Amino acid sequence: MVTFKEKKWVIFPLVLVLFGVLCFIYREDLSPAVGQNSTEPYYEGIKGENQASLCLNVDWGEEYIPEILKILKKEDVKITCFLTGRWCEKNPDMAKEILKSGMEIGNHGLKHKSPNAMNYDENLEDIKESEAIFNRVLSVKTMLFAPAAGEIENQVLDAAKDLGYKTILWSVDTIDWQKPTPEVIVERVDSKIADGSIVLMHPTENTVQALPQMIKNIKGQGLNLVPVSELIS
């Protein structure tokens, strides 16, 4: 005959196992859909925090950056600027001004060369060379990587992960490099912005004109604009 005491020692481990499974499921529900502890890129950040991020990918357009920084300061907004290594080396004073303004610096590769056209070792070297420039010019260690053109074949993602980077893409694309009107840029953001969104921009004249209204509308939806590292953590 099995006593109550003996039953207890059978049931108790089963309860612990069930509790562990439930905790795992609950934890998975709270984590981002992609990106966490894997090679998968982040298209968006954690939901439920009423936050979004603006990303500025920079390999050209330095003539518009001072005005962008002025607008961001006025609106008290911090964004993530993904710089190519060659741009940072060519425009060290501007790069330092971006950092001084409190913006987060991310790695956009060395020369904006197609990552998918490079093998694993070439991607590794491309990111490392750019990182070395940021360290020399800005004394910063970048931890976020935005691949050129959003290219993410396996060799690209593996190289970034093996160097300790989180790969960042986007959920809202302004497509501002095609030079749409400021009104179109604002509408593209308004139509897709949501909790956890990552918005992709470039330094263009029309982006400068659209930025104040873009920020106003995002804040009007109750979203705080934060750097990407904060959005995904």
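This is a short tour of the structure, stop by stop, with something to select at each one.

Before you click, note that this is a predicted model, where local features need pLDDT of at least 70, side-chain atom pairs count only at pLDDT 80 or more, and totals for chains, interfaces and linings use all residues. Residues are numbered from 1 along each chain as its sequence is written, and side-chain values use heavy atoms, with hydrogens and water left out.

**Stop 1: the whole chain**

Show the protein chain as a cartoon and you'll find nine helices and eight strands. Helices (H or I, at least four residues) and strands (E, at least two) are DSSP runs, numbered from the N terminus. Of the 233 residues, 46% count as buried. Buried means under 20% relative accessible area, exposed means over 50%, and partly exposed is in between (1.4 Å probe, protein chains only).

Now think about contacts, meaning heavy atoms within 4.5 Å. Among those between residues at least 6 apart in sequence, 77% join residues at least 24 apart.

**Stop 2: strands β2 and β3**

Select residues 104-107, which form strand β3. Is each face of β3 covered or open? Both are covered: Glu104 and Gly106 on one side, and Ile105 and Asn107 on the other, are all buried. In a regular strand the side chains alternate between the two faces of the sheet.

Add residues 80-83, strand β2, which runs parallel to β3 and is joined to it by four bridges. (Two strands pair if DSSP finds at least two bridges between them.) Click Phe82 and look across to its bridge partner in β3, Gly106.

**Stop 3: the cavity**

Keep Phe82 selected, since Phe82 is also one of the residues that line the largest cavity. Rolling a probe the size of a water molecule over the atoms shows where empty space is left. On a 1 Å grid over the protein atoms alone, a cavity is a set of points where a 1.4 Å probe fits but cannot get out, while a pocket is an open set with protein on both sides within 12 Å along at least five of seven lines; lining residues have an atom within 4 Å of a point.

The structure holds one cavity of 30 Å³ or more, and the largest has a volume of about 50 Å³. (Grid points are joined across faces, edges and corners, and a volume is the space filled by probe spheres set on the points.) Add other lining residues, including Cys55, Asn57, Trp170 and Leu200. The lining divides into eight nonpolar, two polar and no charged residues. Here Ala, Val, Leu, Ile, Met, Phe, Trp, Tyr, Cys and Pro count as nonpolar, Asp, Glu, Lys and Arg as charged, and the others, Gly among them, as polar.

**Stop 4: the pocket**

The largest pocket holds about 260 Å³ of space. Select His108, His112, Ala149, Trp177 and His202, the closest to its centre of the 14 residues that line it. This lining has seven nonpolar, five polar and two charged residues.

**Stop 5: helix α6**

Go to residues 154-162, helix α6, where Gln155, Val156, Leu157, Ala159 and Ala160 are buried. What do they pack against? Colour α5 (120-138), β4 (144-145) and β5 (166-167) to see. Just past α6, Gly164 has a positive phi of about 85°.

In α5, pick Glu125, which is partly exposed at 39% relative accessible area. Glu125 and Ala159 are 34 residues apart in sequence and 8.9 Å apart in space, C-alpha to C-alpha.

**Stop 6: two loop residues**

Finish with Ser139, in the loop between α5 and β4, and Asp76, in the loop between α2 (65-75) and β2. Ser139 has a positive phi near 55° and is exposed at 62%. Asp76 also has a positive phi near 55°, and is exposed at 61%.
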